[in-house]
Every structure is written in structure tokens, then in C-alpha cells.
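User: Hi! I am new to reading protein structures and would like a close look at one part of this one. Could you walk me through a hairpin and then show me what lies around it and elsewhere?

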Amino acid sequence: MIPSVYSAQKLLQSLDHAPVVHFTLARRGGTFEATIPGNDSVEMDILLEQLERAETRFNLTRREVRGNKLVRKVKSRALGGKDDDELMGQMASNGTWFGRLAIGEPPQSIDLDLNMLTSDFYLRHTTSHEGTRYDDLFSKSFVKSNKHPYRSCTLPTDVFHLPTVDRSVPLPFAYCRPLKGSKETLDPSGSMLGLAPSKHLRQIDTPFLLHQLLKEGIVQRPIFSLMLVTGREGVLSIGGTGSQAAEMVSKQTAEQLDRAGAQEKINAFTDEHGKTLEGGTNSLDKANIPAEKITLQKREVGAEGVKARRGDWKEEWTWSKVQGAEGWWQTLMQGVWVGGSRVLQNQAVVIDINTPFILAPPLAAKTFYAAVAGSRPLDPPYSNFYVFPCMNPPTIDFEFQGTRFPAMRGGRGMEYASAIIPGGKFSLGRLKHGSGYCVGAIVETKMGLREEREGMVASGSGKQGVGSAAAGAGSLAGNGMRDVWVIGERFFRGVSGVFDVQEKRIGFRAY
């Protein structure tokens, strides 16, 4: 049986000196796949749809000068954003990462959707049967408020039951109930946790959840970390990191997968006299085997292993300062390496785990694939995608602060329904059934160029509307993504990230 990250709650709790709130995560809809059921080839229309959906999320903000700095702000409808009374983010959407939040007395469990492009934390109650609903009428600890931090939201207080710290604490929160007759009443219920580090991306006048937990003494560090153990399970840690425990679970998972169908390898351990041990892992307890030869599961679950792996969380990470317009987790990637050679340097990147690809601006994508032997772009309308020889996937590293981190290395693993697909983790699937070419997970995006071009065309023609409004507001009205990568979830299968809200920096660590 493959060990699940959901079974690691107590272990997560024991691996950090300071209190840390750990949420186990899941990807709604399971591991991202765009292959035809029962086949190893991709459905290009699905990939194109996912690309358009990802790009749309980055087009909901614009840049604006505030004081002496450049910041990101939510676009108004006139500039191409959502309706002026509509919050960013979409709840209960397939492909998003979410945890579980328990609130009220008795506790009501609802989905907590993560969003790295907004800063708001709120609960939404609609008339729709979709999603998971919190209802104040069923909570004895609900305290009503007449404050309105947003048009359709109040600011009540209720008890939050926090995992791994075993504490319950009353906290104020935005409770949003769309007005009758509004189209939002048909949207799913649930909750949204914005993880963007800037107050300028807040639409609701409420404090960050992290700041509330710091104020209440629940956590002591102004940080959170993300680690995706598989393509469908992960850990969000608030106030610290869960990298050590999640790393252990990940290695145990890989070990179990390696053992699947090969039980004879487990029985192949020998003692110092060369005698074969029979009876599988149970025999290991009876044998005189050196500690370094004991399996990972035996070696690291014990208390001694826990103590040995504790360390200074600051020293375990490679840190990179946040750059660019204040708002998102944007930093500088110093290099992109292919086959041991640096092919790109000093690339601006935005971190977003809800993007299923690695998005690269046009020139960067062309330069990258020029270094991948046998690769080529597809014909329109799929020209954003490139293919490469399935039997010769590239070896890729992303460099931050002088440290190279492996990207999309190794096989696809048993977590995928289509594990037989060649090309490793860099492959989205075969181009066609029987083809020797696979579609690469680094995808070209033209969203920054497209928005600028539409603005200039509208301005030149004198037409009124979204384009002319954006042009009239100046070039800063664009999303600013012209030369920026999006580092999506695929990079975080093997690399964990910690986000320091106070120091405005991102830490990376390979596992």
C-alpha cells in the first residue's frame, strides 16, 4: 500500500521546534493528465483549453505606481477585469490545490482553495449545491458583525480548529453571501486562501490569515511553505515548513512504488555474514543489520531519526529575493540549464502551483527548445506547444542564487493513470498514438505580448472599450507578463518552496 501524506499529520507536528499549522493538500480532479483514456497520446484541445485558462488568471491584474514603487492592483471591468463587485479566484474548480478547513461548533468541514495570485481570505455561501458550504445557522460559536469589508461580505467571528497544533481559536473572517439575483449565487460555496504577499491585491478589507495567527500566538514565524509530494497530494505549512516530513513520505512513496511487483528485492537483504534474510521487512527487526542499511521507513520514523533531521529552517534553503511589481511571488531565475549547459540566464519568474505547465515567454521558449535535440513547435492552433523525441527527454535544471535545482526529472511513476507514457515527467504525452514525439511541459505563452498588442490596436483605431481603456491608462495597465515565466506545479515535484512574507523572499530546497 502506498503511504499517503494524509497519514503524516502527527509526524509533521513533531518535526519542528516552533508551532506550525500543517494542511494536507489535494489537487481537485487528481493528477493533471491530458491523455486520451486508455491511450498514451494527448488531446491537444484539452491542453490548449488549460493554457487559455491559466493565462486568463494572470490577466486580472494591472500595474500601478503607488508612491515610489510599482504595485499590482486588481483590474476593473473597464480594463478587462471581472465585474467590479466580483472577487478574484474561482472556488471548487478542477485543477486547483485545496486543503480542508474546520470551523464552528460543532465543526463544519469545508474546502480551502489556494490562490497565489490574490491576497484575500474569505468564505462564500451560495445557493448552489456545488462545493462545500459553511452555514452560520448551524454554528453555536458564530458571532455576528455589522461590519462590511466588501459589498456582499460581513466580518463575523467563529472558532477555527487548526490541524497539527491541536488548538481552536476564534478569528474574524470575511463571510460572503452574494445578493439574490446575482449570477454569483450559482457559483460553488467554499473558502479561498490568498497567498500573494501584498496588501495591494486585497479586495476585502481584512488582515491576512497568517498575520492573524501570528497575532494570536498560534505560529511564531511569518512564513509558509508548499510541497507537492505527488501530482495529487501535498502539504501547506503556515508558520514553518513541512519539508522534512513530507520528504520522508515522498521517499517512502517512491520506495513502495519501486517495490510494487518486485517483492523479491525486499527479501534480498543479507547480514554481515552473507546470509539471506527471509520473510520480508518483518525479518529486518530480528536481524543484526547496520543502521545505514535499514530501509527509509525503518530509519526515519523513529524519534532518533526525527531529532537527527531537525535543523535551522533558514539554513536549509536557497533564498531568492522577491522582485518586480509588488504583488505576486516573483523573483529572478539566474539560469536555465539543458544537458549540463546554461541556455538562458536572468529570467523573471512568477510562482503559481495552480498552473499545470511551466510557461515561458516566446523568445525564451524558442531558445530553450533550440537546445533540446530533435524538438520542434507544432503548427497553429497549437503553436504554443513543442514536441521532442520521447526516447530522449532533456535533463533540465533551474538555477536560483547559484544553486541548480532539477526540474521534471525521472519517470512519471505510478501516480499517473497513464504511467506507460514515455518521455518522463517532462512529457505531457505522445503527440499521436504510435508517434515517437512527446509534447513538452514547457509551454510558450504570449499573454503579455497579446495584451500590449490589443491595447495598441484599440488606441490606434480610436475604438472605445476594454482595449482603448487599457491603452488610455498607459502601458502599466497591462499584466506585465511580457518577459516573465510562470513556474507551475511541475517544478514542485521534487523541489519545495518556502515564502517569507516579512523579508519578501522565496526559499527553494530539493528533496
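Analyst: Happy to help; we will start with one hairpin, follow its charged residues, and then visit some other strands and loops. Please keep in mind that this is a predicted model.

Let us begin with strand E2, residues 61-66, and strand E3, residues 69-74, which pair in the antiparallel sense over six bridges. Together E2 and E3 make a hairpin with two residues between them. One residue in that turn is Gly67, whose phi is positive, at about 70°. Beside the turn, Arg66 has Lys69 in E3 as its bridge partner.

Now look at the charged side chains here. As a rule, side chains of opposite charge can pair when their charged atoms come close. Arg66 forms a salt bridge with Glu64, and their closest N and O atoms are 2.5 Å apart. How covered are these two, buried or exposed? Glu64 counts as buried because its relative accessibility is 15%, under the 20% cut-off. Arg66, at 36%, counts as partly exposed.

Lys69 has a salt bridge as well, with Glu326, and here the closest N and O atoms are 2.9 Å apart. Lys69 lies in strand E3, while Glu326 lies in the loop between E14 and strand E15 (330-338), so this pair ties together parts that are 257 residues apart in sequence. Lys69 is partly exposed at 38% relative accessibility, and Glu326 is also partly exposed, with a relative accessible area of 22%.

That loop gives us a good path to the next stop, strand E14. E14 covers residues 318-321 and is joined to E27 by four bridges, the two strands running antiparallel. Across this pairing, Lys321 stands opposite Arg505 in E27. E27 has another antiparallel partner: strand E26, residues 495-500, is joined to E27 by six bridges. Here Val498 stands opposite Gly507 in E27. E26 and E27 form a hairpin too, with four residues between them. In its turn sits Lys504, with a positive phi of about 55°. What about cover along strand E27, residues 505-510? Five of its six residues are buried, which leaves the strand mostly covered.

The positive phi of Lys504 brings us to some backbone details. In general, most residues other than glycine have a negative phi, and most peptide bonds are trans. Ala92 is not a glycine, yet its phi is positive, at about 55°. You can find Ala92 in the loop between E3 and E4, where it counts as partly exposed at 26% relative accessibility. Thr164 also has a positive phi, of about 70°, without being a glycine. Its place is the loop between strand E8 (157-162) and strand E9 (167-172), and Thr164 is buried, with a relative accessible area of 8%.

Peptide bonds have a surprise for us as well. Glu105 and Pro106 are joined by a cis peptide bond, with omega at about -5°. Pro106 sits in the loop between strand E4 (97-103) and strand E5 (108-115). Another cis peptide bond joins Pro380 and Pro381, with omega at about 5°. Pro381 belongs to the loop between E18 and E19.

Those strands lead us into an open sheet of four strands, in the order E18-E19-E23-E22 and with antiparallel pairing. Strand E18 (376-377) and strand E22 (427-430) stand at the edges with a single partner strand each, so one side of each has no neighbour in the sheet. E18 is joined to strand E19, residues 386-389, by two bridges, and Pro377 has Tyr386 in E19 as its bridge partner.

To finish, let us return to charge. A search of the whole structure finds 18 salt bridges. One of them joins Asp136 and Arg177, with the closest N and O atoms 3.3 Å apart. Asp136 is buried, with a relative accessible area of 14%, whereas Arg177 is partly exposed at 38%. Arg28, Arg100, Asp111 and Asp113 are joined into one network by salt bridges that share partners. On the surface, Glu43, Asp45, Glu49 and Glu52 gather in a patch of negative charge. Glu43 has its place in the loop between strand E1 (21-27) and helix H2 (44-58), and it is partly exposed, with a relative accessible area of 32%.

Note on methods:
Residues are numbered from 1 along each chain as its sequence is written. This is a predicted model: local features need pLDDT of at least 70, side-chain atom pairs count only at pLDDT 80 or more; totals for chains, interfaces and linings use all residues. Side-chain values use heavy atoms; hydrogens and water are left out. Patches are made of residues with over 30% relative accessible area and no salt bridge: like charges are joined within 9 Å, nonpolar side chains (Val, Leu, Ile, Met, Phe, Trp, Tyr) within 5 Å. Accessible areas come from the Shrake-Rupley method with a 1.4 Å probe; for residues, only the protein chains shown count as cover. A salt bridge is a side-chain nitrogen of Lys or Arg within 4 Å of a carboxyl oxygen of Asp or Glu. Lys and Arg count as positive and Asp and Glu as negative; His and the chain ends are not counted. The place of a charge is taken as NZ of Lys, CZ of Arg, CG of Asp or CD of Glu. Buried means under 20% relative accessible area, exposed over 50%, partly exposed in between (1.4 Å probe, protein chains only). Two strands pair if DSSP finds at least two bridges between them.
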